[in-house]
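Q: Could you walk me through why certain labels are used for this protein? I would like to see the reasoning behind each one.

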Amino acid sequence: MKKIYLLLFCNLWVFIIYAQSDFQFSQQSFMRIAFNPAVTGKNPNYHTLQAFSRMQWVGFDNAPITNFATFHSQINKYHLGLGLTYTFDKLGVETSNIVQANVSYHLNLGNDYILSFGMSGGLYRKVIDINDIELEQPESNLFDNNIHNSPDFNAGIEFSSPYISIGISSTHIAKDYKNGTNFQIPRHVYGYFSAKVFDINNSFAGFLTYSLNSAISKTQHEWNATFFYKNMIYTGLSYRLNESFVIMAGVLVKDKFRFIYSYDILAAPISAYSSGSHEITLQYLIKKKNASIPSSPRYFD
């Protein structure tokens with residue numbers, strides 16, 4: 001029986017080593033701040049409080065669970081965005097906690113064209129818990145150092161207008177892009193391009209988005225179409241290459257409270273063992289005093 005436990009653990013460990021990557025999310029257009037600090041305080045009229053939860057590969061024991069929370073705002077006088085983010089990510093015996101402070105600068109180029117720069121920094125804490133694993137040789141010191149703390153930094157840039165958004169960013173910029181370890185996630189590079197393809201009297205609008213997430217072990221491509229009705233009700237469809245289809249729906253209530261739900265329909269061989277993945281975002285917008293009325297809706301912010 002001990003050999004069976006050891007074999008199962010070794011298989012899981014190999015999976016974890018090759019899966020050293022950022023947490024995954026399907027609502028990328030609404031969750032850009034999770035990987036691009038340039039978005040911090042992007043909307044000058046609101047303080048933003050946002051929470052996110054993802055339950056991945058439902059049906060598996062110890063399947064990935066991710067929770068993310070942030071508060072950010074802009075000091076309008078200086079066009080400076082400030083924020084805090086917290087991430088909790090659990091995969092099997094591996095648990096990660098990340099706390100970061102964000103800062104950004106938003107350069108208004110006129111006519112609602114904005115160029116934003118951002119950085120974030122904080123602490124990355126990873127713990128590997130093997131208390132429930134029965135090893136063939138319990139005296140082994142392989143996991144004596146099962147807690148690792150390290151500084152962590154992200155950086156990014158975004159150009160946006162009422163019609164397009166282009167962004168590029170990197171997470172874990174102090175790490176090596178080519179090499180990951182049990183405790184060190186390699187550097188990731190993100191890129192995205194979103195374009196408004198139609199807008200009917202600011203009542204019914206549609207966007208197409210392409211995004212990628214690249215690390216040494218994998219490059220992920222995703223295409224998305226999102227549709228808004230009066231910037232209150234929206235729905236979307238995504239395809240993540242060789243992995244899943246995503247359906248999404250959301251509502252914005254009284255320009256304050258946003259709720260978004262998405263469901264991943266797995267298209268990979270893993271679909272035979274999992275019913276899919278669920279993702280929820282809650283956002284509360286606190287309107288500032290003397291806030292101006294934007295000349296065009298801020299659909300994703």
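A: Gladly! Let's start with a term we will need: a strand such as β4 is a DSSP run of E with at least two residues, numbered from the N terminus. With that in hand, β4 gives four residues to the lining of the second largest cavity, the most of any element. Please keep in mind that this is a predicted model.

Q: What makes a residue part of the lining of the second largest cavity, and which ones lie nearest its centre?
A: A lining residue has an atom within 4 Å of a cavity point. For the second largest cavity, 25 residues make up the lining, and those nearest the centre are Phe23, Ala34, Thr87, Ile98 and Asn154. The elements giving two or more residues to that lining are β3 (80-91), β4 (94-110), β5 (113-128) and β6 (147-160). The volume of the second largest cavity is about 230 Å³. Sorted by class, its lining holds eleven nonpolar, eleven polar and three charged residues.

Q: How many cavities does the search find, and what is the volume of the largest cavity?
A: The search of the whole structure gives five cavities of 30 Å³ or more. The largest cavity comes to about 440 Å³. Its lining is made of 33 residues, with Arg32, Ser161, Ser165, Phe300 and Asp301 nearest the centre. Two or more lining residues come from each of β7 (164-171), β8 (188-200), β9 (204-215) and β10 (218-229).

Q: How do you know which class the residues lining the largest cavity belong to?
A: The residue type decides: Asp, Glu, Lys and Arg count as charged, for example, and Gly is among the polar ones. On that basis the lining of the largest cavity has 13 nonpolar, 14 polar and six charged residues.

Q: Why is Val103 called partly exposed?
A: Partly exposed covers the range between the buried limit, under 20%, and the exposed limit, over 50%. Val103 has a relative accessibility of 37%, so it counts as partly exposed. This residue lies in strand β4.

Q: What does Val103 touch, not counting residues up to four places away in sequence?
A: Val103 touches Pro37, Leu80, Gly81, Leu82, Phe117, Gly118 and Met119. Pro37 is 66 residues from Val103 along the chain, while their C-alpha atoms are 7.0 Å apart.

Q: Why is Gln50 called buried?
A: Buried means under 20% relative accessible area. Gln50 has 5%, and therefore it is buried. Gln50 belongs to strand β1 (residues 46-58).

Q: What makes the link between Gln50 and Gln283 a polar contact?
A: A polar contact needs a pair of N or O atoms within 3.5 Å, one able to donate a hydrogen and the other to accept it. The side chains of Gln50 and Gln283 make such a contact at 3.2 Å. The Gln50 side chain also reaches the backbone oxygen of Phe30, at 3.1 Å.

Q: Why is the aromatic pair of Phe228 and Tyr299 called tilted?
A: Rings pair if their centres lie within 6.5 Å, and planes neither under 30 degrees nor over 60 apart count as tilted. Among the 21 aromatic pairs found in the whole structure, Phe228 and Tyr299 lie 4.8 Å centre to centre with 55° between the planes, and this pair is tilted. Phe228 sits in strand β10 and Tyr299 in the segment after β14 (276-287), 71 residues apart, so to speak a link between distant parts of the chain. Both Phe228 and Tyr299 are buried.

Note on methods
Residues numbered from 1 in each chain as written. Predicted model: local features only at pLDDT ≥ 70, side-chain atom pairs only at ≥ 80, totals over all residues. Heavy atoms only, no water. 1 Å grid on protein atoms, 1.4 Å probe; cavity = no way out; pocket = protein on both sides within 12 Å on 5 of 7 lines; lining within 4 Å. Points joined across faces, edges and corners; volume = space filled by probe spheres on them. Phe/Tyr/Trp six-rings, centres within 6.5 Å; stacked < 30°, edge-to-face > 60°. Buried < 20%, exposed > 50% of the residue type's maximum accessible area, 1.4 Å probe, protein only. Contact = heavy atoms within 4.5 Å.
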